[in-house]
Amino acid sequence: MKRSATVGSGALGMVLTLSGALALLPAQGVAAETILFNESSAYQCYRAALQGGDGDDIEVCTIAIEHQPLVSRDLAATYSNRGLLLARAGEIEAALKDHEKAIMLQPDIGSLYINRSNTYVRARRLNDAMQDLERAIAIGDDSVAAAYYNRALLFQQLGDGRAARLDAERAAELAPETEAYRAFAAELARADAASD
Amino acid sequence: MTARRRGARRVLQWAVRARVALAVLCMASILSGGPPAGAANAWDLVHPRDFDWRSHEQRLELAADLRTRLNLLIAVVPPQAPQALERVQHEQAELEALAERASPRRLSRLYLSRDYQHMMLVDLLTGARAALDCVLAATAVEPEMACWAQLSGRLLQEQPLDVALRTLREAHVLPRDEDMPVKAQDPLVWYGEYGRGVLEQILTPYLESVAAVPQEER
């Protein structure tokens with residue numbers, strides 16, 4: 001089963017999957033540069049991360065990182081997106097290196113921690129994953145709803161339906177337009193009621 | 001090369017081939033859990049051969065084999081220090097009392113702690129064994145099936161089992177799979193399979209058979 005929903009718009013678009021991955025859209029350019037930007041490698045890398053791309057799409061991210069002039073924020077986003085693709089391809093160590101580079105470049109972007117936590121979950125490093133989600137929540141930027149949602153998923157995995165429900169409800173409050181959060185919160189509320 | 005050397009080389013090649021064949025046979029036996037011919041065993045839950053869920057004798061054989069496997073796994077889990085267990089239970093009770101006011105950070109620290117996962121693993125495994133004891137002691141089919149349902153529920157807790165095994169292995173509390181007795185290896189793979197097998201090979205056909213009997217005949 002895979003849920004997905006767009007949880008952001010504008011410069012920093014994001015996509016959320018059940019496993020909690022967020023693809024980051026490099027936020028550069030003005031209207032006049034949009035066409036050029038949309039054909040860029042960084043954008044293609046973002047699209048690949050967004051659309052469930054895998055190992056075959058890693059090259060385009062590498063081209064963006066190595067050859068495309070990117071501002072620090074966009075470079076961080078592209079490293080993070082390549083990290084997602086590498087993790088999907090099973091290259092966890094390389095993925096974590098990319099996530100670490102991204103966070104080093106921009107330590108104040110919550111979604112970079114969410115993406116790294118996603119890779120930690122794949123590596124079953126749940127303590128590290130939880131810590132990254134807590135950081136993302138503490139940063140409290142426009143990815144905070146996704147951080148709550150991801151933590152809800154993790155609490156559910158750990159067998160605490162109540163903590164999961166509370167986080168899912170918080171995510172749904174923060175981003176009421178996101179169907180996935182509402183549906184998950186409702187599902188957990190039903191399970192909670194049934195267990196009473 | 002002399003004829004003598006060629007002969008010696010051929011003998012050596014045969015010996016190597018024989019050893020390889022023997023190793024393959026051993027591996028096949030390990031993978032299948034080395035079922036004794038005729039007796040039902042845990043493998044029947046994964047790949048049923050002549051298993052007949054209607055046979056009480058076969059169900060008991062299968063339960064006994066599962067119990068042996070479970071006991072081998074339980075034997076490699078060291079007992080938890082009473083103080084550690086008490087600490088975990090105390091923290092758990094405090095968080096439970098706080099209910100929705102419990103801090104998520106404190107909750108996650110508890111859930112991901114080695115002591116909590118140790119307690120969870122022991123609880124999961126001993127609960128599964130109790131369900132098997134219940135199967136083995138049942139004197140009628142209805143209560144026996146309720147015990148199988150309890151067992152299936154336990155065995156299908158794959159995520160909690162995964163987290164517990166990984167946490168305890170990282171903390172070197174549990175040995176690696178390859179260092180455990182063969183029948184205790186890969187619990188993460190097999191327990192879920194056994195749990196689904198109990199559902200598919202025993203509980204579902206039983207419930208279907210019950211449902212097929214008209215109400216007045218029961």
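**Close-up views of a two-chain predicted model**

**Figure 1. Chain B seen as a whole.** Buried residues make up 24% of the 218 residues in chain B, and, as with everything shown in these views, this value is computed from a predicted model. The chain holds nine helices and zero strands, so that its elements, followed from the N terminus on, read α-α-α-α-α-α-α-α-α. Among the contacts in chain B that link residues at least 6 apart in sequence, 69% join residues at least 24 apart.

**Figure 2. Chain A seen as a whole.** Chain A contains 10 helices together with two strands, and from the N terminus on its elements follow the order β-β-α-α-α-α-α-α-α-α-α-α. Of the 196 residues in chain A, 52% are buried. When contacts with a separation of 6 or more are considered in this chain, 51% of them are accounted for by residues 24 or more positions apart.

**Figure 3. The packing of helices α2 and α3 in chain A.** Helix α2 of chain A, residues 41-50, packs with helix α3 of chain A, residues 58-67, at an angle of about 145°, and their axes are 8 Å apart. The crossing of α2(A) and α3(A) is left-handed. On the side of α2(A), the contact is made by A:Ser41, A:Ala42, A:Gln44, A:Cys45 and A:Ala48, while α3(A) contributes A:Val60, A:Cys61, A:Ile63 and A:Ala64. Sorted by character, the residues of this contact are seven nonpolar and two polar, with no charged residue.

**Figure 4. The largest nonpolar core and A:Ala168.** The largest nonpolar core has 95 residues, and those that touch the most other members are A:Tyr149, A:Ala152, A:Ala168, A:Ala171 and A:Tyr181. The largest share of this core, 10 residues, comes from α8(A). In soluble globular proteins, nonpolar side chains tend to be buried together. The view is centred on A:Ala168, which, when its neighbours within four places in sequence are left aside, is in contact with A:Tyr149, A:Ala152, A:Tyr181, A:Phe184, A:Ala185 and A:Leu188.

**Figure 5. The side of chain B that touches chain A.** Here 11 residues of chain B are in contact with 14 residues of chain A. Two helices of chain B, α5 (104-111) and α8 (158-170), each supply at least two residues of the side that touches chain A, and the largest share of that side, five residues, comes from α5(B). The residues on this side of chain B comprise six nonpolar, two polar and three charged.

**Figure 6. The buried face of helix α5 in chain B.** Within α5(B), the residues B:Pro104, B:Leu107, B:Ser108 and B:Tyr111 are buried. Seen down the axis of α5(B), these buried residues fall within an arc of 95°, and they therefore line one face of the helix. An α-helix has 3.6 residues a turn, so residues three or four places apart point the same way. The buried residues of α5(B) pack against elements of both chains, namely α7 (126-139), α8 (144-157) and α9 (161-174) of chain A, together with α4 (82-98) and α6 (114-137) of chain B.

**Figure 7. Two residues of helix α9 in chain B.** B:Leu203 is found in helix α9 of chain B, which spans residues 187-212, and B:Val189 has its place in α9 of chain B as well. B:Leu203 counts as partly exposed because it has 18 C-beta neighbours inside 10 Å, whereas B:Val189, with 12 such neighbours inside 10 Å, counts as exposed. Apart from its neighbours within four places in sequence, B:Leu203 is in contact with B:Met145, B:Trp148, B:Ala149, B:Ser152 and B:Val198. B:Val189 and B:Glu158 are 31 residues apart along the chain, and their C-alpha atoms are separated by 8.7 Å.

**Figure 8. Two loop residues with a positive phi.** Most residues other than glycine have a negative phi. A:Arg124, although not a glycine, has a positive phi of about 60°, and B:Asp186, also not a glycine, has a positive phi of about 50°. A:Arg124 is found in the loop between α6 (110-122) and α7 of chain A, while B:Asp186 lies in the loop between α8 and α9 of chain B. A:Arg124 counts as partly exposed because it has 15 C-beta neighbours inside 10 Å, and B:Asp186, with 12 other C-beta atoms within 10 Å, is exposed.

Notes. Residues are numbered from 1 along each chain as its sequence is written. Chains are lettered from A and ligands numbered from 1 in the order in which they are written. This is a predicted model: local features need pLDDT of at least 70, side-chain atom pairs count only at pLDDT 80 or more; totals for chains, interfaces and linings use all residues. Axes are lines fitted to C-alpha atoms, for helices over the stretch in contact, and angles run from 0 to 180 degrees between N-to-C directions. Helices (H or I, at least four residues) and strands (E, at least two) are DSSP runs, numbered from the N terminus. A crossing is left-handed if the near helix is turned anticlockwise from the far one by less than a right angle, and right-handed if clockwise. Two residues are in contact if their C-beta atoms, placed from the backbone, lie within 7 Å. Ala, Val, Leu, Ile, Met, Phe, Trp, Tyr, Cys and Pro count as nonpolar, Asp, Glu, Lys and Arg as charged, and the others, Gly among them, as polar. A residue is buried if 20 or more other C-beta atoms lie within 10 Å of its own, exposed if 12 or fewer, and partly exposed in between; C-beta atoms are placed from the backbone. The arc is that of the directions from the helix axis to the C-beta atoms. A nonpolar core is a set of buried Ala, Val, Leu, Ile, Met, Phe, Trp, Tyr and Cys residues joined through C-beta atoms within 7 Å.
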